[in-house]
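Here's a quick briefing to read with the model open beside you. Have a look at the fold first, then work through the points below.

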Amino acid sequence: MQYATDNAPGAAMPPLAAPPFALLPGAAGSPVVLHVPHAARAIPADVRAGILLDDPALERELDHLTDAHTAELAEAAAGRAAAAPWRFVNGLSRLVVDPERFPDAREEMLAVGMGAVYTRTTHRQPLRPSDTDPEPLLARWFRPYARAMTRAVADRLAVAGRAVIIDVHSYPTAPLPYELHGEGHRPPVCLGTDAFHTPPELLAAAREAFAGVGETGVDSPFAGTYVPLEFYRGEPRVSALMVEIRRDTYMTEPGGPAGAGLDRLAAALAALVDAVSG
């Protein structure tokens, strides 16, 4: 299916397909789901109307927040893996909704106006009016995405007996003002973990797979990983790991083209998929 994932500057509002996310099949028996939530820049016109930034400022914000080229990274890794993983790819910018945030008071990023529906920018400037009601955006975009991802994981459990979610992200070399833990170490690869859902063997496999890329850190500067709420802290057969790749390892920052490093990262991600698929 078609979905909007235009990472090029100046493409904030490309045509949208519905639904604006895609589950791309992998090997029938694979337990692995590569989750790519922040790769797109697409913003529907009616959502754009509620954003306070002018077009140049919006493009700059998209440059900072978009995990550029991570959809291509996941696609390349899937092509290299012995058993192709399934891929769940978001086709909308996280400025529409951020599907990885808690949709309620549990979300720590609410402190900087960046819960499931952002009201502030990466530089803590107004993005939407402070009295914005998040519910229409949550109902229209967040909850359908969450239901679809839940079904994708449930299907892996039914077929493979377990599910391994690998969350594919990138992050800037220099911290941005919105980061709550931006003073932390910023290695080439940051591995985000969860005490319940990240077993030691998954973390060890990731460290080995990415060893050739450079230093791997754990939970710094970003911690945690994504698990659909239906399984969160309750289903031990769902394991998860967040892979945060520092952008200077594979692209021109903040929103430029990918470089040769993308191929090396695809090989590393494929090695991780292979290690946890058996």
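What follows covers the sheet, the helices on it, the nonpolar cores and the salt bridges.

Keep in mind that this is a predicted model. At its heart for this briefing is an open sheet of 7 strands with mixed pairing. There's also a nonpolar core of 39 residues, the largest one here, and the structure holds 15 salt bridges.

**The sheet**

- If you trace across the sheet, the strands come in the order 1-3-2-4-7-5-6.
- Strand 1 (21-24) and strand 6 (216-218) are the edge strands, and each of them pairs on one side only.
- Going from one strand to the next, the twist averages 20 degrees.
- Strands of a sheet pair through backbone hydrogen bonds, and the sense can be parallel or antiparallel.
- Strand 5 (residues 189-192) pairs with strand 6 in the parallel sense, over 3 bridges.
- To find that pairing on screen, pick Cys190: its bridge partner in strand 6 is Gly217.

**Helices on the sheet**

- Helix 4 (residues 135-160) packs on the sheet and touches five strands by name: strand 1, strand 2 (32-36), strand 3 (86-90), strand 4 (163-171) and strand 7 (238-246).
- The direction of helix 4 makes about 175 degrees with that of strand 3.
- Helix 6 (residues 261-277) lies across strand 2, strand 4 and strand 7.
- Relative to strand 4, helix 6 runs at about 160 degrees.

**Nonpolar cores**

- In the largest nonpolar core, the residues with the most contacts inside it are Ile166, Phe210, Val243, Leu269 and Leu272.
- Plenty of elements chip in: strand 1, strand 2, helix 3 (70-80), strand 4, strand 5, helix 5 (200-209), strand 7 and helix 6 each supply at least two residues of this core.
- Helix 6 gives the largest share of this core, at 9 residues.
- Which residues does Phe210 touch, not counting residues up to four places away in sequence? They are Val189, Thr216, Val243, Leu265, Ala268, Leu269 and Leu272.
- A second, separate core has 30 residues, among them Ile51, Val112, Leu176 and Tyr178.

**Salt bridges**

- Asp67 and Arg247 form a salt bridge, with their closest N and O atoms 2.9 Å apart.
- That pair links distant parts of the chain, 180 residues apart: Asp67 sits in the loop between helix 2 (55-65) and helix 3, and Arg247 in the loop between strand 7 and helix 6.
- Are these two buried or exposed? Both Asp67 and Arg247 are buried.
- Arg80 and Asp263 make another salt bridge, and here the closest N and O atoms are 2.6 Å apart.
- This one also links distant parts of the chain, with Arg80 in helix 3 and Asp263 in helix 6, 183 residues apart.
- Arg80 counts as partly exposed because its relative accessibility is 41%, between the cut-offs of 20% and 50%.
- Asp263 is partly exposed too, with a relative accessible area of 47%.
- Arg156 forms a salt bridge with Asp155, the closest N and O atoms being 2.6 Å apart.
- Why does Arg156 count as buried? Its relative accessible area is 2%, and buried means under 20%.
- Asp155, on the other hand, is partly exposed, with a relative accessible area of 34%.
- Finally, Arg41, Glu59 and Asp63 are joined into one network by salt bridges that share partners.

Technical notes:
Residues are numbered from 1 along each chain as its sequence is written. This is a predicted model: local features need pLDDT of at least 70, side-chain atom pairs count only at pLDDT 80 or more; totals for chains, interfaces and linings use all residues. Side-chain values use heavy atoms; hydrogens and water are left out. Two strands pair if DSSP finds at least two bridges between them. Helices (H or I, at least four residues) and strands (E, at least two) are DSSP runs, numbered from the N terminus. Axes are lines fitted to C-alpha atoms, for helices over the stretch in contact, and angles run from 0 to 180 degrees between N-to-C directions. Contact means heavy atoms within 4.5 Å. A nonpolar core is a set of buried Ala, Val, Leu, Ile, Met, Phe, Trp, Tyr and Cys residues joined through side-chain atoms within 4.5 Å. Buried means under 20% relative accessible area, exposed over 50%, partly exposed in between (1.4 Å probe, protein chains only). A salt bridge is a side-chain nitrogen of Lys or Arg within 4 Å of a carboxyl oxygen of Asp or Glu.
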